[in-house]
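Biologist: Please take a close look at one part of this model, the packing of one pair of helices, and then set that part in the context of the assembly.

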2 protein chains.
Amino acid sequence: MLWDNYPEIKRKLEKVENIIERNLKCRSKPLEELLQTLSGGGKMLRPAFTVISSHFGRQWNDKIYEAAAGIEILHMATLVHDDVIDEAGMRRGKPTVNSIYGDKMSVYVGDYLLSKAVLLLSGTLPEDRLEKIAGALKSICEAEIEQFFSRFNPDVSLVTYLKRIGRKTAALFAFSCGEGAFLSGCGENVQRNLVKFGFCFGMAFQMYDDILNLVGDTGETGKPKGNDIKEGIITIPFILTLRKNAEFAKLARELMSEKTIKDSDIRKLTDEIISSGGIDDTRAWIDRYLQKARTALEPLPDIREKEIFHDIMLTL
Amino acid sequence: MLWDNYPEIKRKLEKVENIIERNLKCRSKPLEELLQTLSGGGKMLRPAFTVISSHFGRQWNDKIYEAAAGIEILHMATLVHDDVIDEAGMRRGKPTVNSIYGDKMSVYVGDYLLSKAVLLLSGTLPEDRLEKIAGALKSICEAEIEQFFSRFNPDVSLVTYLKRIGRKTAALFAFSCGEGAFLSGCGENVQRNLVKFGFCFGMAFQMYDDILNLVGDTGETGKPKGNDIKEGIITIPFILTLRKNAEFAKLARELMSEKTIKDSDIRKLTDEIISSGGIDDTRAWIDRYLQKARTALEPLPDIREKEIFHDIMLTL
């Protein structure tokens, strides 16, 4: 597991996991079984970022565990709702709620998790911080809705894509770092740098995920290769290839206009992206954001936890 | 319109509607168009209950408008998510989000509304009240999940049903009254009585809705007659008929075990419910809860708004 090398963080994440599990207990037996299948199996990156960020503050505060748990539950809620959208059958190596009970159930399980997250976070954060988390949720929804309306439009610009993933993914990483920094009493500058670090890491993280969706191992990603293309979702490797390969652009526009793309055409598009260097170009963008993330960390004190952030960046 | 007879309430509800409309404005054009189709057309019962309850307090407080708007937006969110569940084509006389864009879109539009509701309410309510609204949302989800797992089980008990509708419907009415009372500075006793009134009214309201689902005019309810039975959702007229009509019980168990019920069988079950007095018996339960609601109002000062509550009870 990712955290085995960092016993202090691992120990704290176990406490966070206990809080999550305790919060997934409920009166309804079938619901509880369902919720148990959701917990575990994730990398717990977001709560880890809260915990790690809190080490830059002056004092430890037990509310940090609860805030971290609330953030992970919020993330789980968005995953459950994403699976409705993606018609995904597997998530974190387990069958999804919607593959067992259908979309109807996923909607309410996701809402239930959202209410649990708000309950946990409203107990730990002052009012104005809670507005931030509602703002983060709003961002995520706006991004998903924009993405939905942009499906099968091959001419989505890089700027639109960057804004979208900023809202969809990076905002929650930024929030995760920010809350750890805030609750541990970091000064404003340190808070700002950690938020910036979280945001830039989140951008790189999503781009990496978009590469995996194209060329990753289905066993690991849990999704069929090229699933984004199949759904008409245009991501950065696609956008960068479109810019420099006129033949790809022509083929892509043709296929996207049909709105259903055969598996053989997905492979054709993917091969073209790879051979045109679309993956390498995306890699360069990932490195650019990781560099920004490093720059944000630079002014922070050289504690052990700074190294952990650097280590995690190497996993992308 | 329901509020035409109460100019003061109507005027305040118009302010609430303005806040709702302002909050449904957003950067995304297609999303904004979608959101506009959702607003208006509802009876605004829940925000009206907040406004009316606030008249029992010592001072008016402009935050009451925002709280009322937040509550209505929360309710709209649950409607949008309900429509995924119900595969409903019409709501409030307009096509539903999911009938236009599919379930995928409904999930995010509902989440977006939830985040907006939390944003509005976190700006108006102190932290511990916000926990109440998250608690109300959690209740609603628990009830819907319980309802889902009880589908096609004709032996759902009356107690299970009453608990379910308490969580699904009555809790939000109770919250609506409670927030108006709280924000206007009502004393604890008055707050408690208004919460109790809201809860009992909500119970009666849901039972009335369950009757309408069976025998109401499709044009008004927006749903095909007997939709609950079709979906395997067992409501009070069904439960009360099952208790006293053995023939109905036999037929119901037989049909429910199939999990798909033909339209002609829905009609057969409905006719049996009507002829056995299932509707009248439900009416008696509605009256019982309305009586409880009246009892809760009794100790409150005899202001004009108390009469309005009495008038609204007569619409059920």
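Modeller: In this predicted model, the crossing of α8(A) with α9(A) is right-handed. Helix α8 of chain A spans residues 158-183, and helix α9 of chain A covers residues 188-215. Their axes approach within 7 Å, with a crossing angle of roughly 145 degrees. Sorted by class, the residues in the contact of α8(A) with α9(A) comprise 16 nonpolar, eight polar and one charged.

The setting of this pair is an assembly in which chain A meets chain B. To that contact, chain A contributes 36 residues and chain B contributes 36 residues. On the side of chain A that touches chain B, at least two residues come from each of α2 (29-38), α4 (63-86), α6 (103-124) and α7 (127-149). The largest contribution to this side is that of α6(A), which provides 15 residues. By class, the side of chain A that touches chain B holds 20 nonpolar, six polar and 10 charged residues.

The relation between the two chains completes the picture. A turn of 180 degrees, with a shift of 0.0 Å along the axis, lays chain A on chain B with an RMSD of 0.0 Å. The two copies are therefore related as by a two-fold rotation axis. Both copies use the same surface, since 100% of the contact residues of chain A recur in chain B.

Notes
Residues are numbered from 1 along each chain as its sequence is written. Chains are lettered from A and ligands numbered from 1 in the order in which they are written. This is a predicted model: local features need pLDDT of at least 70, side-chain atom pairs count only at pLDDT 80 or more; totals for chains, interfaces and linings use all residues. Two residues are in contact if their C-beta atoms, placed from the backbone, lie within 7 Å. Helices (H or I, at least four residues) and strands (E, at least two) are DSSP runs, numbered from the N terminus. Ala, Val, Leu, Ile, Met, Phe, Trp, Tyr, Cys and Pro count as nonpolar, Asp, Glu, Lys and Arg as charged, and the others, Gly among them, as polar. Axes are lines fitted to C-alpha atoms, for helices over the stretch in contact, and angles run from 0 to 180 degrees between N-to-C directions. A crossing is left-handed if the near helix is turned anticlockwise from the far one by less than a right angle, and right-handed if clockwise. Copies are superposed by least squares on the C-alpha atoms of residues with pLDDT of at least 70 in both.
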